[in-house]
Amino acid sequence: MAEQNPGRNPVRAEVVVDLDHLRHNVALLAARAGSADTLAVVKADAYGHGAVPVARAALEAGATWLGSCSLDEALALRAAGIEAPVLSWLDTPGTDLAAGVAAGIDLGVSSVDQLRGLSGARLHLKIDTGLSRNGCPPQDWPELVAAAAASENEVYAIWSHLACADEPDHPSVDAQAKRFADAHDVALAAGLTPKRHLANSAATLLRPDLHFDMVRVGIAMYGLNPVPQREDLRPVMSFRSSVALTKRLPAGESVSYGHTWTADRDTTVALVPVGYADGVPRLLSGRMEVLLAGRRRPVRGRVCMDQVVVDCGDDEVAVGAEVVLFGDGSRGEPTATEWAEAIGTIDYEVVTGMYRPRVVRRYPGAR
């Protein structure tokens with residue numbers, strides 16, 4: 001049997017983040033953005049990939065801005081020495097936004113209450129155009145715009161977020177674009193000349209008319225395709241482990257809690273020391289495979305907190321052999337998207353869920 005992990009010690013739980021794949025994706029998206037700036041979204045620790053190395057690689061590949069959800073995330077980028085423009089847009093009441101102003105962080109503002117007490121900040125006023133999540137309701141928008149124009153802050157941009165841009169024919173996309181245009185007219189009437197950004201990953205790929213001054217790329221940057229058509233995106237994350245133990249299982253013996261699977265013949269099983277504490281959803285019990293010793297093999301029985309059991313049939317599998325739980329699919333291994341489809345969720349949740357204490361990260365392609 002060929003060596004699966006040459007020159008490296010077996011790993012328990014390892015996420016491999018291919019920064020060359022990330023650079024490829026960012027360059028592709030920046031090219032699609034045309035003359036618009038490209039904001040790389042690195043919130044939630046870069047969707048579980050690691051915010052600082054991902055931010056650096058994205059900037060190397062053509063991104064001009066970074067986006068974080070919380071101010072703490074933005075300040076962590078500054079603490080790492082990253083000086084590119086950063087937008088932070090959602091914090092709880094009482095957060096010391098002055099620390100963000102001092103660090104040159106752009107702030108998203110959705111209400112007059114959020115505006116109070118801010119001075120010297122560069123603002124991105126957010127209008128709710130139909131997602132009904134964060135953002136200023138249209139009826140309150142003129143008040144927010146007037147208050148921002150009269151404040152001691154710079155209104156750099158207005159922005160919003162699309163609800164259904166991944167569905168090319170969904171009528172809400174054009175409806176939101178119309179509301180966004182109306183909000184821009186209100187800002188202009190108040191004497192502001194803000195830049196505009198509306199497009200997420202899907203709209204970056206499908207709606208060049210909505211690119212405006214900047215696009216915000218998230219999931220597509222990580223190589224997971226948000227649109228129905230095929231795109232040349234390369235998944236960035238793979239998840240790996242190693243065989244901890246093998247044993248011969250006689251026919252009639254059952255595997256794991258609840259004995260949900262029983263061997264109908266003698267078989268070899270391999271114990272892999274990762275489970276739902278490491279990001280393997282328990283809902284994948286009975287419906288997942290891994291790549292082991294050059295072949296996809298089924299996981300038998302329930303996914304446990306710390307381990308899964310792989311059915312290897314009559315093949316000899318070495319202790320320490322590499323196990324790929326998901327990757328980019330180039331070797332026939334499962335993908336994060338396949339996991340998501342199997343359990344009725346989205347691949348965003350799969351990769352973001354890999355940010356776990358026992359899961360180490362490795363960054364091939366780091367410069």
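This report walks through a sheet, the cysteines and the internal spaces of a predicted model.

**The sheet**

Let's start with the open sheet of nine strands, where the pairing is mixed. Reading across, the order goes β11-β14-β17-β16-β15-β18-β10-β1-β19. The edges belong to β11 and β19 (360-362); each has a single partner strand, so one side of each has no neighbour in the sheet. Ignoring direction, neighbouring strands here are turned by 35° against each other on average.

Strand β14 (residues 267-272) is a good place to zoom in, with five of its six residues buried. On one side, β14 runs antiparallel to strand β11 (residues 245-249), and five bridges join the two. In that pairing, R248 sits opposite T268 of β14. The other pairing of interest links β14 to strand β17 (residues 308-313), again antiparallel and over five bridges. There, L271 faces V309 in β17.

Further along the sheet order, strand β1 (residues 14-17) pairs with strand β10 (residues 237-242). This pair is antiparallel too, and four bridges hold the count. Within the pair, E14 stands opposite R240 of β10.

**The cysteines**

How many disulfides does the structure hold? The count is zero. Take C69: its closest cysteine sulfur is the one in C136, and at 18 Å that is too far for a bond. For comparison, a disulfide would need the two sulfur atoms within 2.5 Å. C304 is in no disulfide either, with the sulfur of C312 as its nearest cysteine sulfur at 16 Å.

Are these two cysteines buried or exposed? C69 has 22% relative accessibility, so C69 counts as partly exposed. C304 comes in at 11%, so C304 counts as buried. The cut-off behind those labels is that buried means under 20% relative accessible area.

**Cavities and the pocket**

Now for the empty space. There are two cavities of 30 Å³ or more, and the model has open pockets as well, of which the largest has a volume of about 770 Å³. Here is how the three spaces line up:

| Space | Volume | Lining by class |
|---|---|---|
| Largest cavity | about 50 Å³ | eight nonpolar, two polar, no charged |
| Second largest cavity | about 40 Å³ | three nonpolar, one polar, four charged |
| Largest pocket | about 770 Å³ | 18 nonpolar, eight polar, seven charged |

Which residues line the largest cavity? They are H49, Y222, L224, P235, V236, M237, F326, G327, A336 and V351. No charged residue appears in that lining.

The second largest cavity has D37, W65, Y156, K195, R196, H197, D213 and M214 around it. Strand β8 (residues 195-197) gives the largest share of this lining, with three residues. Four residues of the lining are charged.

As for the largest pocket, 33 residues line it, and those nearest its centre are Y47, H161, N200, I219 and Y348. Several elements supply at least two lining residues each: α2 (43-47), α9 (201-206), β9 (214-217), α10 (336-343) and α11 (347-352). Which of them gives the largest share? That is α10, with three residues. By class, the pocket lining includes 18 nonpolar residues and seven charged ones.

Terms used. Residues numbered from 1 in each chain as written. Predicted model: local features only at pLDDT ≥ 70, side-chain atom pairs only at ≥ 80, totals over all residues. Heavy atoms only, no water. Buried < 20%, exposed > 50% of the residue type's maximum accessible area, 1.4 Å probe, protein only. Pairing = 2+ DSSP bridges. Axes fitted to C-alpha atoms, helices over the stretch in contact; angles between N-to-C directions. 1 Å grid on protein atoms, 1.4 Å probe; cavity = no way out; pocket = protein on both sides within 12 Å on 5 of 7 lines; lining within 4 Å. Points joined across faces, edges and corners; volume = space filled by probe spheres on them. Nonpolar A, V, L, I, M, F, W, Y, C, P; charged D, E, K, R; others polar.
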